[in-house]
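This report describes how the parts of one protein chain are arranged, for a reader who is new to structural work. Please keep the structure in view while reading.

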Amino acid sequence: MKVYKVAVLMPVYNGEKFLKKQIISILNQKNVEITIFVSVDQSTDNSLEIIESLKKKHKSINIFSKNFKFGSPTKNFFHLLYNFKIK
């Protein structure tokens, strides 16, 4: 069975309510090698702390940028998309 490599670009802003469950769900996908690139807008909740905690357990989580002020999820996503370089 072929295993595909998948990069997930995840903009985050005040997502603590669902963030851990969402990331674990992504990491639990079958037949794929997942790498998650997260960009955290200036959240006022514990989003960054949750991601940093998960990153300690899962090497496939990368914090791409943090504490930028994008003002919208779309701008945050385009920041990821524009600056993301495929190796």
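Phe 78 is placed in helix 3, which covers residues 73–83. The model discussed here is a predicted one. With a relative accessible area of 49%, Phe 78 is partly exposed, because this class lies between the 20% limit for buried residues and the 50% limit for exposed ones. Together with Phe 77 and Leu 81, Phe 78 forms a nonpolar patch on the surface, and the accessible area of the three residues together is about 280 Å².

Two further residues of helix 3 give another view of this helix. Asn 76 is found in helix 3, and its relative accessible area of 1% makes Asn 76 buried. When neighbours within four places in sequence are left aside, Asn 76 is in contact with Pro 11, Val 12, Ser 39, Val 40, Asp 41 and Phe 70. Two of these contacts, Val 12 and Val 40, are also linked to each other: Val 40, in strand 2, is the bridge partner of Val 12.

His 79 also has its place in helix 3. At 17% relative accessibility, His 79 counts as buried, since the limit for that class is under 20%. Apart from neighbours within four places in sequence, the contacts of His 79 are Ser 39, Phe 64, Ser 65 and Phe 70. Although His 79 and Ser 39 are 40 residues apart in sequence, their C-alpha atoms are 8.4 Å apart in space.

The sheet is described next. Three strands make up an open sheet in the order 1-2-3, with parallel pairing. Strand 1 (4–12) and strand 3 (61–68) stand at the edges; each has a single partner strand, so one side of each is left without a neighbour in the sheet. On average, and with direction ignored, neighbouring strands of this sheet are turned by 15° against each other. Strand 2, residues 32–41, pairs with strand 1 in the parallel sense over nine bridges.

How do the helices lie on this sheet? Helix 1 (residues 19–27) lies across strand 1, strand 2 and strand 3, and runs at about 170° to strand 1. Helix 3 packs on the sheet and touches strand 1, strand 2 and strand 3, its direction making about 140° with that of strand 1.

Charged side chains provide another kind of link. Side chains of opposite charge can pair when their charged atoms come close. How many salt bridges does a search of the whole structure find? The search finds one. This salt bridge joins Glu 52 and Lys 66, whose closest N and O atoms are 3.5 Å apart. The pair links distant parts of the chain, as Glu 52 belongs to helix 2 (residues 47–57) and Lys 66 to strand 3, 14 residues apart. Glu 52 is partly exposed, with a relative accessible area of 30%, and Lys 66 is likewise partly exposed, at 41%.

Finally, two loop residues other than glycine have positive phi values: Asn 14 and Asn 31. The table lists them with their places and accessibility.

| Residue | Phi | Loop | Relative accessible area |
|---|---|---|---|
| Asn 14 | near 45° | between strand 1 and helix 1 | 31%, partly exposed |
| Asn 31 | near 60° | between helix 1 and strand 2 | 39%, partly exposed |

Note on methods. Residues numbered from 1 in each chain as written. Predicted model: local features only at pLDDT ≥ 70, side-chain atom pairs only at ≥ 80, totals over all residues. Heavy atoms only, no water. Patch = residues over 30% accessible without salt bridge, like charges linked within 9 Å, V, L, I, M, F, W, Y side chains within 5 Å. Areas by Shrake-Rupley, 256 points an atom, 1.4 Å probe, with all protein chains shown as cover. Salt bridge = Lys/Arg side-chain N within 4 Å of Asp/Glu carboxyl O. Helix = DSSP H or I, 4+ residues; strand = E, 2+ residues; numbered from the N terminus. Buried < 20%, exposed > 50% of the residue type's maximum accessible area, 1.4 Å probe, protein only. Pairing = 2+ DSSP bridges. Axes fitted to C-alpha atoms, helices over the stretch in contact; angles between N-to-C directions. Contact = heavy atoms within 4.5 Å.
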